[in-house]
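Got your viewer open and a hand on the selection tool? Let's walk through this one stop by stop.

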Amino acid sequence: MKPITLIKHFKLITLVFVLVLSYSCKDDEETPEASQDYFPLDLGNYWVYGEDLNSDQIISDEEKLTNTVINSDYLIKGISYSMIETTDSFGNRLDTLYVRRQGTDYIVYAEDFLEFSADISQAESEVTLLMSNKSIGDTWNYNFVLNSIEFDGELIEGIAVDVEVVFELIQKEISLTTQAGTFNDVIAVEQSINLPFLLDDFESFLPITRFYFAPEVGIILTETDLVVNEDTGETETSQNELIEYSLN
């Protein structure tokens, strides 16, 4: 199978996290009633997101995607996940994602978007997207091994690069406004990539993404910083915001 580039793989990880908007497995014993739910989920819930790709301050139909809960008890290896289908504004399916809640953690099934590529190995089967009980500055990670890299048009094989995706809780109890309204008690998590010291220069060009979670709603905004000029280090920030949603 043709290996993917390092940048493309990390963009895929970011895309998956941006699209995941819910949890599965409500368990009253594991999740106290008093704790806020940052991924409310019932069958039929949906969230509509948009990104102003043309920078004209208008989000067109072509710039929208919808996440819909189509199954709230989908079993993978004996574990129950919620299935979320992502579609564009024309109804075309873009992706299907699987997530679950464990206490105050929100977990994404990872193998469904990692195993397609032959250049990834020793990948953990799940990614913890949010630990809502953490304090500001706390971190957690996700690890995999990259077995080939395409860099400057040249394919480098026969390697074993340990890659660490780091999540840090950077803000809590903030207010944030999107087209869907104003939300309070928002939590922000930042995702970055750590590479071995030999790839430090390359690491500086990888995207940094921030996810904003509102209680009883889910992800309301993502921001991604990406280097657009390798010579000057100039970065550009794209935003994908919640436009509307419906919760049963």
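Are Y142 and F144 buried or exposed? Select them both: Y142 is buried, and F144 is buried as well. Here "buried" means under 20% relative accessible area, "exposed" means over 50%, and "partly exposed" is in between, using a 1.4 Å probe and protein chains only.

Before moving on, a word on what you're looking at. This is a predicted model, where local features need pLDDT of at least 70, side-chain atom pairs count only at pLDDT 80 or more, and totals for chains, interfaces and linings use all residues. Residues are numbered from 1 along each chain as its sequence is written, and side-chain values use heavy atoms, with hydrogens and water left out.

**Stop 1: the rings**

Stay on Y142 and F144 for a moment. Their ring centres are 6.1 Å apart and the planes sit at 45 degrees, so this pair is tilted. The cut-offs: rings of Phe, Tyr and Trp (its six-membered ring) pair if their centres lie within 6.5 Å, and planes under 30 degrees apart count as stacked, over 60 as edge-to-face and the rest as tilted.

Searching the whole structure turns up 7 aromatic pairs. One of them is Y81 with Y109, an edge-to-face pair at 5.6 Å centre to centre with 65 degrees between the planes. Y81 belongs to strand β3 (residues 79–88) and Y109 to strand β5 (residues 105–109), so the pair ties together parts 28 residues apart in sequence. Strands here, like helices, are DSSP runs numbered from the N terminus (strands: E, at least two residues; helices: H or I, at least four). Both Y81 and Y109 are buried.

Now select F39, Y106 and F213. Ring pairs link these three into a cluster.

**Stop 2: β3 and its partners**

Colour β3 next. Of its 10 residues, 8 are buried, so to speak a mostly covered strand. Strand β2 (residues 64–76) pairs with β3 in the antiparallel sense over 9 bridges; two strands count as paired if DSSP finds at least two bridges between them. To see one bridge, pick L65, whose partner in β3 is D88. The hairpin of β2 and β3 has 2 residues between the strands, and K77 in the turn has a positive phi of about 55 degrees.

On to strand β4 (residues 93–102), which pairs with β3 in the antiparallel sense over 6 bridges. Select T87 and look for its bridge partner in β4, R93. This hairpin has 4 residues between the strands, and G91 takes a positive phi near 85 degrees.

**Stop 3: the salt bridges**

How many salt bridges does a search of the whole structure find? The count is 6, where a salt bridge is a side-chain nitrogen of Lys or Arg within 4 Å of a carboxyl oxygen of Asp or Glu.

Begin with K64 and D61, whose side chains meet in a salt bridge at 3.8 Å, N to O. K64 is partly exposed, with a relative accessible area of 24%, and D61 is partly exposed too, at 45%.

Next, select E190 and R210. Their side chains meet in a salt bridge at 3.6 Å, N to O. E190 is in strand β10 (residues 181–194) and R210 in strand β11 (residues 208–214), so this pair ties together parts that are 20 residues apart in sequence. E190 counts as partly exposed at 22% relative accessibility, while R210 counts as buried at 12%.

Keep R210 selected and add E223. These two form a salt bridge as well, with the closest N and O atoms 3.0 Å apart. This pair links distant parts of the chain, since R210 is in β11 and E223 is in strand β12 (residues 218–229), 13 residues apart. E223 is buried, with a relative accessible area of 13%. Add D225 to the selection too: salt bridges with shared partners join E190, R210, E223 and D225 into one network.

**Stop 4: the strands behind that network**

Switch to the backbone of β11 and β12, which pair in the antiparallel sense over 7 bridges. R210 and E223 turn up again here, as E223 is the bridge partner of R210 in β12. Follow the hairpin round to E216, which takes a positive phi near 65 degrees; there are 3 residues between the strands.

β12 is mostly covered, with 9 of its 12 residues buried. It also pairs with strand β13 (residues 234–246), in the antiparallel sense over 8 bridges. Select E223 once more and find its bridge partner in β13, Q239.

**Last stop: Q179**

Where does Q179 sit? Its place is in the loop between β9 (154–178) and β10. Show the surroundings of Q179: leaving aside neighbours within four places in sequence, it is in contact (heavy atoms within 4.5 Å) with I59, E241, L242 and I243. Draw a C-alpha to C-alpha distance from Q179 to I243 and you should get 4.8 Å, for residues that are 64 apart in sequence.
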